[in-house]
Amino acid sequence: MKFMLMMHTPAGTGEYQINQWKPEEFRAHIQFMKDLNQDLREAGELVGAEGLAPPGQARLVQVRGDGSPEVTDGPFAESKEFLAGYWLVDVENAERAYAIAGKASTAPGPGGKPLGIKIEVRQVMGAPPDTL
Amino acid sequence: MKTIDERLLRELAPQVLGAVVRRYGDFGAAEDAVQEALTAAALQWPEGGVPENPRAWLIQVAARKLTDQIRSESARRRRETKIVLETAPEENVVPPPDQAPVEQDDALVLLFMCCHPALTRPTAIALTLRAVGGLTTGEIANAFLVPESTMAQRISRAKQSIKSSAVGFVLPPPDERNESIGAVLHVLYLIFNEGYATSSGKNHQRVDLSSEAIRLARAAHELLPDNGEVSGLLALMILTDARRPARSGPNGEIVPLDEQDRSLWDQKAIAEGVQLVSDALSRGAVGSYLLQAAIAALHDEATRPEDTDWPQIVALYGVLMRLSDNPMVALNHAVAVAMAHGLDKGLALLERLDRDPRIKDHYRLAAVRAHLLERSGKITSALVFYEQAAAKTASIPERNYLFLKIARLQAN
């Protein structure tokens, strides 16, 4: 079963707060993510994972009446949180996806304390379930 | 010519691997060597012709590759000594073609090994397809839509688990065999489902997993002809696959059983499946795969939907429910009761499932209820449950089917 694990962080200035952290805190955070991805890769569960550039750089693209796309820097739906990155995993069951998300949520922040990042877990739509 | 070779290679793969593992012990190394031998064969046979004894050719080439590999490793002396000591002298030569081969047992052992209960199911599936099915890692990754590196890791972990759990290259002892054959059948069932569920998909390059599962189940049946569940699973696959030409429309949309053009069903496959079921039943076998196959047979034997022997199907689901407490079986039982004894009776059975936490939120419960309400002429209520079902399913084809259903009902 494939799941997308979406990492939500609080919206702020449009820049990542991580840039304000001390270098060692930053490194610990990045190392945590690298280790997590390596574990998933070795378990044969990782399909893909990416971190996204901060929302200040986001652009909105929408097709216009004449069929040409229009690129603007907003307006975005008002929200307190935004997507900072995601994992796509292929795992045995939903419980395993929750466990991975739980682990990702403990990524360290300032002072080495777990951030408690919110991770939204969504099953990827696919083939019908395993019933004949 | 090329396709014949591929089929031949896939058939030979488990036999060759079995023979090499039995001789050298190291599953991981043997598996790599056999893959190399198969690659060599795929390159050389189309030009030079298939050797007189292809199996012996492959074993010899794999053994040579394995020896090369062992030589080049740093611990070569220790390992070479071990192999020489562990190998009986007569096993160091390929048996002559006229000598009765033991490959069938080897393939069976291999199947048990790959489906070892200690492995997770996705891992066991990957390993079975590679070692027993002879598919490449790339083909398997493609079939499951994951990156090749992910699948490679999965397979290499599987080999590692087999190594560390010290599963010997022997059949499991009789008292463990039941659990093990259960795992083997489940893995084959999952492989079949994976192919069956997505057979209407857009990806034409996908390895046909259903055919592969049927081929492997056929091999298992040849090895264990008296096992009712093996016969049952093979029959279930054949009988389900027989409806394949009719089960999806021109745009890949799902066509439900009662709307399928039954003249498209594969009658030869149905005859084979029915024969398997009746042979197994006449031997007194009863098991969940066999019962499901018997139900599939009853559906397949009905020329028109209204000819379906629903009372018999109700009875079979009743036996299945006693065998295992599976809410999906209870759901199918309710459908059969509705068809045999009246829609109200079926709808009443669904109320019991509303209290079962394992299925109460499942889209199929909502879809079945919608279907039965629609048949009873309660269109407004049916729409509510069709919409619930569409919102709950994680399957794109199922969702499309349900949306289509909703649109049709609203149009009338």
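**A walk through chains A and B**

With 22 C-beta neighbours inside 10 Å, B:Ile313 counts as buried, because the cut-off for that class is 20 or more. This residue belongs to a predicted model, and its place is in helix α14 of chain B. Leaving aside residues up to four places away in sequence, B:Ile313 touches B:Ile295, B:Leu298 and B:Ala336. The C-alpha atoms of B:Ile313 and B:Gln292 are separated by 9.6 Å, although these two residues are 21 residues apart along the chain.

B:Ile295, B:Leu298 and B:Gln292 are among the buried residues of α13(B), a list that also includes B:Tyr289, B:Ala293 and B:Asp300. In this helix 12 of the 14 residues are buried, so α13(B) is largely enclosed by the rest of the structure. Its length can be checked as well: at 1.5 Å a residue, the 14 residues of α13(B) should span 20 Å, and the end C-alpha atoms are indeed 20 Å apart, which agrees.

Between α13 (288–301) and α14 (310–323) of chain B runs a loop, and in that loop lies B:Glu306. Is B:Glu306 buried or exposed? B:Glu306 has 9 other C-beta atoms within 10 Å and is therefore exposed, since the limit for that class is 12 or fewer. Measuring from C-alpha to C-alpha, B:Glu306 is 8.6 Å from B:Asp258 in space, while the two are 48 residues apart in sequence.

Further along chain B, helix α15 (residues 327–341) and helix α17 (residues 363–375) have axes that come within 11 Å and cross at roughly 5°. That angle makes α15(B) roughly parallel to α17(B), because angles under 35 degrees are counted in that way. Where the two helices meet, α15(B) contributes B:Leu331, B:Ala334, B:Val335 and B:Ala338, while α17(B) contributes B:Arg364, B:Leu365, B:Val368 and B:Leu372. By class, this contact has 7 nonpolar residues, no polar ones and 1 charged residue. An α-helix has 3.6 residues a turn, so residues three or four places apart point the same way.

Taken as a whole, chain B has 19 helices and 0 strands, and 41% of its 412 residues count as buried. Among its contacts between residues at least 6 apart in sequence, 61% join residues at least 24 apart. The largest nonpolar core has 118 residues, of which B:Val16, B:Val20 and B:Ala62 touch the most other members. B:Val20, not counting residues up to four places away in sequence, touches B:Ala30, B:Ala33, B:Val34, B:Ile59, B:Ala62, B:Ala63 and B:Leu66. A second, separate core of 14 residues includes A:Leu5, A:Ala43, A:Ile100 and A:Ala104.

Those last residues lead to chain A, whose secondary structure comes to 2 helices and 6 strands, running β-α-β-β-β-β-α-β from the N terminus on. The C-alpha trace of chain A spans about 55 × 45 × 20 Å along its principal axes, and 14% of the 132 residues of this chain count as buried. Among contacts in chain A between residues at least 6 apart in sequence, 74% join residues at least 24 apart.

Finally, the two chains touch: 17 residues of chain A are in contact with 23 residues of chain B. On the side of chain A that touches chain B, the elements giving two or more residues are α1 (23–42) and β2 (46–51) of chain A. The residues of that side divide into 8 nonpolar, 4 polar and 5 charged.

Key
Residues numbered from 1 in each chain as written. Chains lettered and ligands numbered in written order. Predicted model: local features only at pLDDT ≥ 70, side-chain atom pairs only at ≥ 80, totals over all residues. Helix = DSSP H or I, 4+ residues; strand = E, 2+ residues; numbered from the N terminus. Expected span 1.5 Å × (residues − 1). Core = buried A, V, L, I, M, F, W, Y, C linked by C-beta atoms within 7 Å. Contact = placed C-beta atoms within 7 Å. Axes fitted to C-alpha atoms, helices over the stretch in contact; angles between N-to-C directions. Parallel < 35°, antiparallel > 145°, perpendicular 65-115°, else oblique. Nonpolar A, V, L, I, M, F, W, Y, C, P; charged D, E, K, R; others polar.
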